[in-house]
Amino acid sequence: MKRSFKYIFAGFVLLMTTACSDSLLDKDPISNFSGQGYYKKPSDAQAGVNGIYNSMQSLFRLNFAYWGEGRADNVTTRHSGDPFALQQNVLTPIINSARWDNFYTLISRANYAIKYTPQVFGEGESELKKQLLGQSHALRAIAYFYLVRIWGEVPLITEPYESVEQDLFVKQNTTAEVLAKVEEDLLFATENCASSYSGARNRVLITKGAAYAYLTQLYMWQKKYDKAIAAAQNILGDPQYSLVAMSDWNDIFVKGSSTESIFEVGYNETQTNGLRILYAIGSDSDYVPSTSFIASIEQGDLRKARIYDVTQVQPRKIWKFFGQGFNDESADPSSNNIVLTRLADIILLKAEAHAQLQQPTEALELLNRIRRRAGLSVMDEASANNLYGNLVNAILHERSIELCFEGHRWFDLVRTGKAISTMKPINGLADERNLVWPIHESAVLRNPNLNQNEFYK
């Protein structure tokens, strides 16, 4: 995938000049053009939205794991660069994962689609128009949700950059302001996205279910537990989502587009990602399971042998994304989709919300859905207290195992206030200001109105 879009923090604009295609992943090369001049007909609007998904492929190909797992306790590394910096908590403003350029490329494309899609369809009602706008709003919301969780206060840009009279030197907004826009965009998406699409597109395009999934994550981040439960119920009540059998658990990631998947970033042999680099190249992969993670798995858990090679004291690769017994040492790029959210994620978030509201019956019913599939005994409140201290901790432990290496663990630790207590014995994390990333020095040098996050000044 061409990486011609660099250093974009103020909504600089580039859109994809691809023709409308049956396959989201069949992309033509990217080049510059005016948004006003490009959006002429509905197929141009479709191509513009395809360009947003194209940005998401670049954005998450490696960094979903760096941002969501690299600073947490479930992985360990022997690599230099970002894996070492994140694991040892020695973040600096020059590490690659401190760059937010690709987020703002995605946001710029979304801003163009949101502004110009209505014009090509005119005033009449159009289902395609609604769907394209819903997807554009949702994708922009996902980008801003990650931005806030990674960097805290970030610039909120909601208009495309089209004139030299527009202010390039944007200022940061408060996290509350940005998250309010995230919620607004996601609610818009729940009203306008399709409930489903045909074939495999159903999991790589934003649906109503995907919008509700991210609303659930957002409300859990904000500790709005009642709202999280209501959002999650829209997914649990949708018959198109169901837990796969344990025998098919790896296929969620190996084959993609399972009944359990809600939203995944689509890849193929042309549009590839770094899953092999992250998890599969034997002793040379970025990450392997940590000793503490291995020790935390309950006896009899059927997932264990599907996650890594249990015959090795220190597993050399993670099988979860490639299948049990996977033994290919190639560093070739991967064509697997990256699953960003799935039904098990939402079930456990809803369970956690019920537990936080002192509703153990509802929480345990949801928790035990996941435990039973994993071959574990049904848990009651007494056993949760005995094993993990309380029911919330038991659910967080279940998330740690079920969702391991999928990009959730660090965010779970931060939103539940457990990042410092968990990571301080491992890497000395002790200051709440250190929970966010530094802003990359290239962005700070180009924009005098950006303030470096306090811990890194």
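Helix H19 gives the most residues to the lining of the largest cavity, contributing 3. The model in which this cavity appears is a predicted one. The space enclosed by the largest cavity amounts to about 100 Å³, and the count of cavities of 30 Å³ or more comes to 6. The lining of the largest cavity is formed by Phe145, Arg149, Gln217, Trp221, Asp345, Leu349, Arg399, His408, Phe411, Asp412 and Arg415. Two or more of the lining residues come from each of helix H6 (127-151), helix H9, helix H15 (343-356) and helix H19 (409-415). By class, 5 residues of this lining are charged, 4 are nonpolar and 2 are polar. In general terms, rolling a probe the size of a water molecule over the atoms shows where empty space is left.

Confidence in the model was considered next. The mean pLDDT of the protein is 91, and 92% of its residues reach 70 or more. Over residues 1-33, however, the pLDDT is below 50, although this stretch has 93 contacts in the model beyond near neighbours in sequence. Where pLDDT is low, the predicted coordinates should not be read in detail.

Helix H20 spans residues 419-427, and its buried residues are Ala419, Met423 and Asn427. These residues lie on the same side of H20 because they cover an arc of only 20 degrees around the axis. An α-helix has 3.6 residues a turn, so residues three or four places apart point the same way. The buried residues of H20 pack against H4 and H19. On the face turned away from the buried side, H20 carries the exposed residues Ser421, Lys424 and Pro425. Gly428 follows H20 and has a positive phi, near 85 degrees.

The surroundings of H20 also include Asp73, a residue in the loop between helix H3 (63-68) and strand E3. Asp73 and Asn427 are 354 residues apart in sequence, yet their C-alpha atoms are 9.7 Å apart in space. Asp73 counts as buried because its relative accessible area is 11%, under the 20% limit. Leaving aside neighbours within four places in sequence, Asp73 is in contact with Ser290, Ser292, Arg409, Leu413, Thr422, Met423 and Ile426. Among these partners, Met423 is one of the buried residues of H20.

Ser80 is placed in the loop between strand E3 (75-76) and H4. With a relative accessibility of 63%, Ser80 counts as exposed. Ser80 and Asp286 are separated by 206 residues in sequence and by 8.8 Å in space, C-alpha to C-alpha.

Positive phi values were also found at residues other than glycine. Asn89, in the loop between helix H4 (82-87) and helix H5 (101-121), has a phi near 60 degrees, a positive value in a residue other than glycine. Asn89 is buried, its relative accessible area being 14%. Lys223 likewise is not a glycine and has a positive phi of about 60 degrees. The position of Lys223 is in the loop between helix H9 (208-221) and helix H10 (225-236). At 45% relative accessibility, Lys223 counts as partly exposed.

Helix H9 also holds Tyr212. Beyond its neighbours within four places in sequence, Tyr212 is in contact with Thr190, Ala231, Asn234 and Ile235. The C-alpha atoms of Tyr212 and Asn273 are 26 Å apart in space, the two residues being 61 residues apart in sequence.

Gln240 is found in the loop between H10 and helix H11 (251-254). Apart from neighbours within four places in sequence, its contacts are with Ser195, Ser196, Asn202, Arg203 and Thr259. Between Gln240 and Ser258 the separation is 18 residues in sequence and 10.0 Å in space, C-alpha to C-alpha.

Terms used:
Residues are numbered from 1 along each chain as its sequence is written. This is a predicted model: local features need pLDDT of at least 70, side-chain atom pairs count only at pLDDT 80 or more; totals for chains, interfaces and linings use all residues. Side-chain values use heavy atoms; hydrogens and water are left out. Helices (H or I, at least four residues) and strands (E, at least two) are DSSP runs, numbered from the N terminus. Buried means under 20% relative accessible area, exposed over 50%, partly exposed in between (1.4 Å probe, protein chains only). pLDDT is the predictor's confidence in each residue, from 0 to 100. Contact means heavy atoms within 4.5 Å. On a 1 Å grid over the protein atoms alone, a cavity is a set of points where a 1.4 Å probe fits but cannot get out, and a pocket is an open set with protein on both sides within 12 Å along at least five of seven lines; lining residues have an atom within 4 Å of a point. Grid points are joined across faces, edges and corners, and a volume is the space filled by probe spheres set on the points. Ala, Val, Leu, Ile, Met, Phe, Trp, Tyr, Cys and Pro count as nonpolar, Asp, Glu, Lys and Arg as charged, and the others, Gly among them, as polar. The arc is that of the directions from the helix axis to the C-beta atoms.
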